[in-house]
Structure formats: C-alpha cells, structure tokens
Amino acid sequence: VMIAGMFCAIAPEFVKMCELKGDKAEAEKAQAAIEVMRKHTEEYGYDGEWFLRAYDHNGNKVGSHECEEGKIFIEPQGWCVLAGLGKDKGYDIKTLESVDKYLNSKHGLVLNNPAFTTYKIEYGEISTYPGGYKENAGVFCHNNAWVICAEAAVGHGDKAFEYYSKIAPAFREDISDLHRTEPYVYAQMIAGKDAKRHGEAKNSWLTGTAAWNFVAISQYILGVKPQYSGLMIDPSIPHEWDGFTISRLFRGATYNITVKNPNHVCAGVKSMTVDGRAVDGNVIPAFDGGVHEVEVVLG
C-alpha cells in the first residue's frame, strides 16, 4: 500500500510533464492509471482508521486492526495522505490522528505498533528483532519525514514541527548521554517505546533521512516549493512563530523571502508581494535572474 500511495502522490507530476511537452495521449494514459490505483487503494487499502501496510502472499492483511501485533505501520500513512487518498471521506485526518495515537513517542514515530513479541515466519526479519529496535517498532528516522510532510501538507504546522524536532540531531544534543551517536548526523534508528533504552540511537550515517528531512523542512514546513511555473510559497509552521526569512536561489534568480504571521496561524497565505507588487495566489513567477524581494503574510 505504501507503493500505491507513492504512485498516486508522484505520478501526477509525470502527467504535468507530459502536458507541458504537449503529449496529451501519454498524459491521459497516465492519469487513467492513477485513477485506477486510487480507486483500488481507497477500497482495499484503507483499514477504517489508517492504511494497511500490505497483503501477504496468502492474501492476509498486514498492518490491520485485525492483526494481534503490528496493527499499524508508518510507511503507507504519510504517502497515502500526501496522495490525498480518501481525502473527501476524511481518511487523511483520521490516518494522521491514528499515527499520533499509536506511533508517536517522546523520541519520534515508531515504525509499527504493537511490537512483535515472537518470531513469525510470515513477517520474517521484522519479528526477529527485540521490541523497539530496528524494523520491530524502532523509530526509523527515514520514514518519519514522510509523515512530517503529510502533516504539513494538511496544514498541521504544530504537529509537523513536533515530529521534525524529535529526531533532528541538533534538537537531541541536550540528551547526548542517551542518544549516544554524533550530534551532527541522523541515525538510521532511535530505540522505540518498547525498548529498554528508549531514545538511544544506532547506525548513524546509514540512512537517507537527511535528504528527506531537508525536503520536509524546506518544502513543506517553510513551504518554499519549486513549481513548473515558478516558486510556490505555502508554509505550514508552528502557530507560535511570528514568521521567518529565507533566501532561495531558483533558476538563476535569488528570492529573499520574508514570511509574516501576525495572526499566529499554522498555514494559509493571505497575501504576497514580489518587489513591492501584489501577486495573485502564492506562486512567484519565475524570473530570468536578479535579486527579488518577496513578502508573504499568513492569515
């Protein structure tokens, strides 16, 4: 189901590229495939409060409320929400509520819950680890970023930044005696809530977390996201923030962006000016070069 969610979230970009190239036939073919995948994933991939992880080779559900252990897995949740699967039915918000309820912990989001307590041949390696470590309910930092992106995408700036700060190395320096890995690099895993040493990190450097968290903080929380037509500004930040400033080099032009949050909201662009001129919407038109001053007001 994670792969289905990724397909539904990413494939629309392929459709846009085809349309920009003028390849209408390929765009229509891809869009039809997306619609089929969306239909089947919503019908067979949603478990009532979250999305399934998969079906095994016997057709049994993995990551379902029907399972005794491993009822919910983190991987499909972020991607299915980013894809907007079941959004019209409220699946996105319900799914993120379930992630917070079952997977959240003091030191990040665990991979699955409840942890496996015995070896199960149908789950293989996952169930060989002690509870709270590695794939058996450890905090896998890599896939935490997908949920951070999803929370930000639905406007939950407070929750997105909470999850971001729980695993970011700089935020863990004051617990270095527990964390026990370098304070300047992500770990692959932080011991989960079922572990003896919840919060202890392992396997630093062995992860793609840094790249994904850069996407999460820059494109989803700060909300500076490249588009085909320009640069979209769509922050999703903690409501306490007064705002922030960021400089972005994009297609040879530099944009000095000031975001103001006078009403202390998490998301929603009220107005935007570029070089002192009001711009409709929240996409800065692409310039050929130069330095441009952008002011964004949330509200």
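# Exercises on a predicted model

G252 is exposed, its relative accessible area being 53%. Keep in mind as you work that this is a predicted model.

## Exercise 1: a loop residue

Task: Find where G252 sits in the fold and which residues distant in sequence it touches.

Solution. Start with the accessibility: a residue counts as exposed when its relative accessible area is over 50%, so G252, with 53%, falls in that class. Next, place G252 in the fold: it belongs to the loop that links β10 (243–250) to β11 (253–260). Then look for contacts, leaving out residues up to four places away in sequence; G252 touches D288, G289 and G290. Finally, pick a distant point for scale: E35 is 217 residues from G252 along the chain, and their C-alpha atoms are 37 Å apart.

## Exercise 2: the whole protein

Task: Describe the overall build of the protein, and decide whether its radius of gyration agrees or disagrees with that of a compact globule.

Solution. Begin with the secondary structure, which consists of eight helices and 15 strands. Now take the radius of gyration. A compact globule of 299 residues would have a value near 19 Å, and the protein has 21 Å, which agrees. Along the principal axes, the C-alpha atoms fill a box of roughly 65 × 55 × 30 Å.

Turn to burial and surface. Of the 299 residues, 48% count as buried. The accessible surface is about 14300 Å², and carbon and sulfur atoms contribute 55% of that. As a last step, consider the contacts with a separation of 6 or more: 60% of them are between residues 24 or more positions apart.

## Exercise 3: an enclosed helix

Task: Work out why helix α6 (residues 157–167) is described as largely enclosed.

Solution. Count the buried residues in the helix. Nine of the 11 residues of α6 are buried, so the helix is largely enclosed by the rest of the structure. You can pick them out one by one: G157, K159, A160, F161, Y163, Y164, S165, K166 and I167. Then ask what surrounds them. Their packing partners are the helices α4 (91–103), α5 (141–153) and α8 (209–221), together with the strands β5 (139–140) and β6 (187–190).

One of those partners, α4, contains Y102. Y102 counts as partly exposed, at 23% relative accessibility. Setting aside neighbours within four places in sequence, Y102 contacts W50, I72, V110, N113 and K193. By comparison with these contacts, A30 is a distant reference point: its C-alpha atom is separated from that of Y102 by 35 Å.

## Exercise 4: aromatic rings

Task: Classify the ring pair F116 and Y123 as stacked, tilted or edge-to-face.

Solution. Two values are needed here. A pair of aromatic rings is described by the distance of the centres and the angle of the planes. A search of the whole structure gives 15 aromatic pairs. For F116 and Y123, the ring centres are 4.6 Å apart and the planes meet at 40 degrees, so the pair is tilted. Both residues are buried. For a larger group of rings, look at F161, Y164, F171, W241 and F244, which form one aromatic cluster.

## Exercise 5: salt bridges

Task: Go through three salt bridges and say how accessible their residues are.

Solution. Side chains of opposite charge can pair when their charged atoms come close. The structure holds 16 salt bridges, and these three make good practice.

- E43 and K39 form a bridge with an N to O distance of 3.5 Å. Both residues lie in helix α2 (residues 24–44), four residues apart, about one turn of the helix. E43 is partly exposed at 45%.
- E66 pairs with K61, their closest N and O atoms being 3.1 Å apart. E66 is exposed at 54%, whereas K61 is partly exposed at 29%.
- E200 and R197 meet at 2.9 Å, N to O. E200 is buried at 6% relative accessibility, while R197 is partly exposed at 35%.

To finish, salt bridges that share partners join R38, E42, D88 and K89 into one network.

## Exercise 6: a nonpolar patch

Task: Name the residues that form a nonpolar patch on the surface with F14.

Solution. Locate F14 in helix α1 (residues 2–21). F14 counts as partly exposed, with 36% relative accessibility. Its companions in the patch are M17, L20 and Y228, and the four together have about 390 Å² of accessible area.

Technical notes. Residues are numbered from 1 along each chain as its sequence is written. This is a predicted model: local features need pLDDT of at least 70, side-chain atom pairs count only at pLDDT 80 or more; totals for chains, interfaces and linings use all residues. Side-chain values use heavy atoms; hydrogens and water are left out. Patches are made of residues with over 30% relative accessible area and no salt bridge: like charges are joined within 9 Å, nonpolar side chains (Val, Leu, Ile, Met, Phe, Trp, Tyr) within 5 Å. Accessible areas come from the Shrake-Rupley method with a 1.4 Å probe; for residues, only the protein chains shown count as cover. A salt bridge is a side-chain nitrogen of Lys or Arg within 4 Å of a carboxyl oxygen of Asp or Glu. Helices (H or I, at least four residues) and strands (E, at least two) are DSSP runs, numbered from the N terminus. Buried means under 20% relative accessible area, exposed over 50%, partly exposed in between (1.4 Å probe, protein chains only). Rings of Phe, Tyr and Trp (its six-membered ring) pair if their centres lie within 6.5 Å; planes under 30 degrees apart count as stacked, over 60 as edge-to-face and the rest as tilted. Contact means heavy atoms within 4.5 Å. The radius of gyration is taken over C-alpha atoms; the globule rule is 2.2 Å times the number of residues to the power 0.38.
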